[in-house]
Amino acid sequence: TFVATLFLWGICRMPTRARMDALREFGVVGQAEIFKIEPQKILVRQGWNPRIDFDIDDLAANIRVNGVKRPLLVKRGDDGHYTLVDGERRLRAVLACIADGCEILSVPCMVEPPRTSDAESLVDALVSNHGKPFTPEEEAEAFRRFIAWDWDITKIAQRVGRSQSYVRDRLRILEAAPPVLDAARHGEIPWTAVTHIVRNAQEPEAQAAMVAAAHDARQEKLAQRAERKAAKLTAVP
């Protein structure tokens with residue numbers, strides 16, 4: 001083991017290409033460097049993140065006990081500052097902990113290659129999301145940006161690992177009237193119902209009427225389910 005340790009120490013002192021060639025003998029085919037960066041020095045681009053809901057209470061409580069385990073993704077600018085690409089909820093939670101008196105001097109970060117485009121950065125944020133999942137509305141906003149960057153449906157689907165019909169259905173959410181979106185955000189109707197409504201009605205008034213009908217049908221279904229459950233509980237053996 002001493003010889004192996006000495007050998008690995010020698011590998012670490014090699015130039016990058018030679019080091020990777022030597023490490024392949026141990027099954028290592030790539031490496032990613034983790035940097036420690038002061039959280040206050042990471043810049044957040046206004047309007048960059050498609051996320052709408054930034055609920056951080058549970059995440060902040062976890063970070064107070066366990067720290068930040070998953071690295072943030074950042075991009076280094078020409079001026080030397082680091083701009084956040086992925087991990088805004090984690091960064092907000094860390095800053096909230098610091099404001100509450102926690103001593104967090106740095107957070108682990110991975111740095112994107114300097115020439116990564118905004119479109120590629122957004123793909124990284126979408127496919128690397130292992131925390132709180134993006135809502136359908138947030139995904140729709142991200143896909144809308146890809147369209148603005150002249151990506152077609154096929155390219156979007158390939159890059160984010162989804163079907164073309166999935167991407168189309170998400171983009172249809174952007175055509176929903178405000179009452180439809182509000183109902184979905186508050187859980188009154190499922191997001192699949194939003195897609196169905198947009199497919200079958202274009203006028204805001206017609207969409208609102210379909211929301212009311214869907215909400216009433218759901219409430220009736222819940223009432224029937226509760227009634228059957230109550231009947232079972234009160235049935236005489």
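**View 1. Arginines over phenylalanine rings.** Arg51 lies over the face of Phe134, 4.5 Å from the ring centre. The model shown here and in the other views is predicted. A second arginine of this kind is Arg92, which lies over the face of Phe54. Here the distance to the ring centre is 3.8 Å. Phe134 also appears in View 5, among the contacts of Leu126.

**View 2. Strand 5 and its partners.** Strand 5 covers residues 107–111 and pairs with strand 1, residues 35–37, in the antiparallel sense. Three bridges make up this pairing. Within it, Ile37 stands opposite Val107 of strand 5. Strand 3, residues 72–76, runs parallel to strand 5. Three bridges join these two strands as well. Leu72 faces Cys109 of strand 5 across this pairing. In a regular strand, side chains alternate between the two faces of the sheet.

**View 3. Aromatic cluster around Phe146 and Trp151.** The structure holds three aromatic pairs. The ring centres of Phe146 and Trp151 are 4.7 Å apart and their planes meet at 10 degrees, so this pair is stacked. Phe146 and Trp151 are both buried. Ring pairs link Phe143, Phe146, Trp149 and Trp151 into a cluster. Two numbers describe any such pair: the distance of the centres and the angle of the planes.

**View 4. The loop between helix 6 and helix 7.** Trp151 lies in this loop, and so does Asp150. Which of the two is buried, and which exposed? Trp151 has a relative accessible area of 8%, so it counts as buried. Asp150 reaches 73% relative accessibility and therefore counts as exposed. Asp150 also has a positive phi of about 70 degrees, although it is not a glycine. Most residues other than glycine have a negative phi. Leaving out residues up to four places away in sequence, Trp151 touches Ala119, Glu120, Val123, Phe146, Ile156 and Arg159. Trp151 and Ala119 are 32 residues apart in sequence. In space, their C-alpha atoms are 9.2 Å apart.

**View 5. Helix 5 and the largest nonpolar core.** Helix 5 spans residues 118–127. Its buried residues are Ala119, Ser121, Leu122, Val123, Ala125 and Leu126. These pack against strand 3, strand 4 (82–86), helix 6 (136–148) and helix 7 (153–160). The largest nonpolar core has 17 residues. Those with the most contacts inside it are Leu126, Phe143, Phe146, Trp151, Ile156, Val160 and Val167. Helix 5, helix 6, helix 7 and helix 8 (164–172) each give two or more residues to this core. What does Leu126 contact, beyond its neighbours within four places in sequence? Its partners are Phe134, Ala142, Phe143, Phe146 and Val160.

**View 6. A second core, and the whole protein.** A separate core of 16 residues includes Ile37, Ala60, Ile63 and Val68. Ile37 is the residue that stands opposite Val107 in View 2. Overall, the protein has eleven helices and five strands. Of its 237 residues, 35% count as buried. Among contacts with a separation of 6 or more, 65% join residues 24 or more positions apart. The protein exposes about 15200 Å², and carbon and sulfur atoms supply 54% of that area.

Key: Residues numbered from 1 in each chain as written. Predicted model: local features only at pLDDT ≥ 70, side-chain atom pairs only at ≥ 80, totals over all residues. Heavy atoms only, no water. Pairing = 2+ DSSP bridges. Helix = DSSP H or I, 4+ residues; strand = E, 2+ residues; numbered from the N terminus. Buried < 20%, exposed > 50% of the residue type's maximum accessible area, 1.4 Å probe, protein only. Contact = heavy atoms within 4.5 Å. Phe/Tyr/Trp six-rings, centres within 6.5 Å; stacked < 30°, edge-to-face > 60°. Lys NZ or Arg CZ within 6 Å of the ring centre and 35° of its normal. Core = buried A, V, L, I, M, F, W, Y, C linked by side-chain atoms within 4.5 Å. Areas by Shrake-Rupley, 256 points an atom, 1.4 Å probe, with all protein chains shown as cover.
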